[in-house]
Amino acid sequence: MTTNAIKNINTQVLPQPIRYLPDQNGFFGNYGGQFIPPELKPKFDQLTEQFYSILDDEDFLRELTDLLVNYVGRPSPLYLARRLSEHLKSLIYLKREDLNHTGAHKINNTIGQILMARRMGYREIIAETGAGQHGVATATAAALMGMECKIFMGRKDYQRQFLNVKRMEMLGAEVIAVEQGNGSLKDAVDAALGYFIENPKAYYLIGSVVGPHPYPTIVRFFQSVIGSEARQQILIHENSLPDYVFAAIGGGSNAIGIFSAFIDDQQVSLIAGEGAGLGIDNEKNAATLNLGEEMIFQGMRTLTLTDTQGNPRPSYSIAAGLDYPGIGPEHAHLRDTGRVKYLPITDDQATQAFKILARLEGIIPAMESAHGVAAAIQTLKGNPGKLAIINISGRGDKDVERIK
Ligand SMILES: *Cc1c(COP(=O)(O)O)cnc(C)c1O
């Protein structure tokens, strides 16, 4: 055990040097791009330029690393899950993003973007949030930097997620309950975009690898620290690359964060579990990569869940962080190329996996992360002797009330 601890401490904490850039219009194959009102174009051009300039800026990367180590608590351990390994007759490591400050991977991205925003001279941060996880991570980073922060939430989510609303307010953020539309995340996005257009002094901090270029690339970069560490750690622990890497997928940031370090290693199978809710044979799901159709949605060309008329339809998942009818464009591309496999995981399968991890390892995962665990169970059952990493994107305290 001591040697494992020392091995983890020796891991270098830095996002991956950037690879697989989208083309100059922001496309990954058919997907992505930048579908925005013309008045926002200068702001996006400035953001793109700033982002490419920080990639080899030593001062920026030093400050980022310092906060990731001393504030977030990185590197997160790569933990050998002995009892789960026994249960599945494979060797299973867990990448412990649940141990980060604020309890999930989202803080990696909010810290990175807020450092960029500060450099660009912004004093005000805005964001939208559904379950409140991204809102809390944003409010945390804003407090740390002494910036003003406004968080937009659909009215329904505002009522449902009161604990997170309180946390954000305690951190000094103003939480705005959006009344328009049907009070969902989509309405919060519309309200945040409206505010963004009217307030040139606000920086819009997007929480996953979605939205118009360059956001999917920015968020991937800041989350790639997960994969960069995991790759070093598995080589130190096992002197070998894994056979499989598993993750849960909502918008796609924790999945691309860990996958990005292994994409060039063709021998490593990359598998993501998406929210299949009550099943993919009805509309109560969020299985965008299995059921979505190509369209322009929230500033990007991507796969989107649609109704019989071809309009975007609401999604559903037991895991609030997976309850999203779109998907990051790079994932749509990786599905087309076949490099990543996307498994639909139902609420019941995820709940089962949640309980297995709690009982076998004493780790209560976020309901989102349980979808990655379920994908691993499905893949490794009857397929023994493999070396695998599961990304545990967050902790599950927020979910225990809902589990039966
Ligand atoms: C938000 C969230 C997710 C889903 O978002 P991605 O961008 O797909 O990573 C997954 N796990 C946890 C714990 C979350 O909070």
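In this predicted model, helix 6 and helix 8 meet through a small set of named residues: Q133, G135, V136 and A139 on the helix 6 side, and N164, R167 and M168 on the helix 8 side. By class, the residues of this contact comprise three nonpolar, three polar and one charged.

The geometry of the pair can be stated in two values. Two packed helices are described by the angle between their axes and by the distance between those axes. Helix 6 spans residues 133-145 and helix 8 spans residues 162-170; their packing angle is about 10°, and their axes are 9 Å apart. Helix 6 is therefore roughly parallel to helix 8, since angles under 35 degrees count as roughly parallel.

**Ligand environment**

The ligand is surrounded by 15 residues, of which K106, S208, G252, S253 and S393 come nearest. This shell consists of two nonpolar, 11 polar and two charged residues. Polar contacts to the ligand include the following.

| Residue | Protein atom | Ligand atom | Distance |
|---|---|---|---|
| S208 | polar side-chain atom | oxygen | 2.6 Å |
| G251 | backbone N or O atom | oxygen | 3.1 Å |
| S393 | polar side-chain atom | nitrogen | 2.7 Å |

The ligand taken alone exposes 380 Å², and the protein buries 97% of that area. S208 and S393 each appear both in the table and among the residues that come nearest to the ligand. For S208, the partner of the polar side-chain atom is an oxygen atom of the ligand, whereas for S393 the partner is a nitrogen atom. In the case of G251, the protein atom belongs to the backbone.

**Backbone features in loops**

Two cis peptide bonds may be noted, each with a proline as the second residue. One joins R74 and P75, with omega about 0°. P75 is located in the loop that runs between helix 3 (58-72) and strand 3 (78-80). Another joins H213 and P214, with omega about 10°. P214 belongs to the loop between strand 8 (202-204) and helix 10 (215-238).

A further backbone feature concerns T102. Its phi is near 75°, a positive value in a residue other than glycine. T102 lies in the loop connecting strand 4 (91-96) with helix 5 (106-119). Helix 5 begins at residue 106, and K106 is one of the residues that come nearest to the ligand.

Technical notes: Residues numbered from 1 in each chain as written. Predicted model: local features only at pLDDT ≥ 70, side-chain atom pairs only at ≥ 80, totals over all residues. Heavy atoms only, no water. Axes fitted to C-alpha atoms, helices over the stretch in contact; angles between N-to-C directions. Helix = DSSP H or I, 4+ residues; strand = E, 2+ residues; numbered from the N terminus. Parallel < 35°, antiparallel > 145°, perpendicular 65-115°, else oblique. Contact = heavy atoms within 4.5 Å. Nonpolar A, V, L, I, M, F, W, Y, C, P; charged D, E, K, R; others polar. Near = heavy atom within 4 Å. Polar contact = N/O pair within 3.5 Å; in protein donor to acceptor, adjacent residues only side chain to side chain. Areas by Shrake-Rupley, 256 points an atom, 1.4 Å probe, with all protein chains shown as cover.
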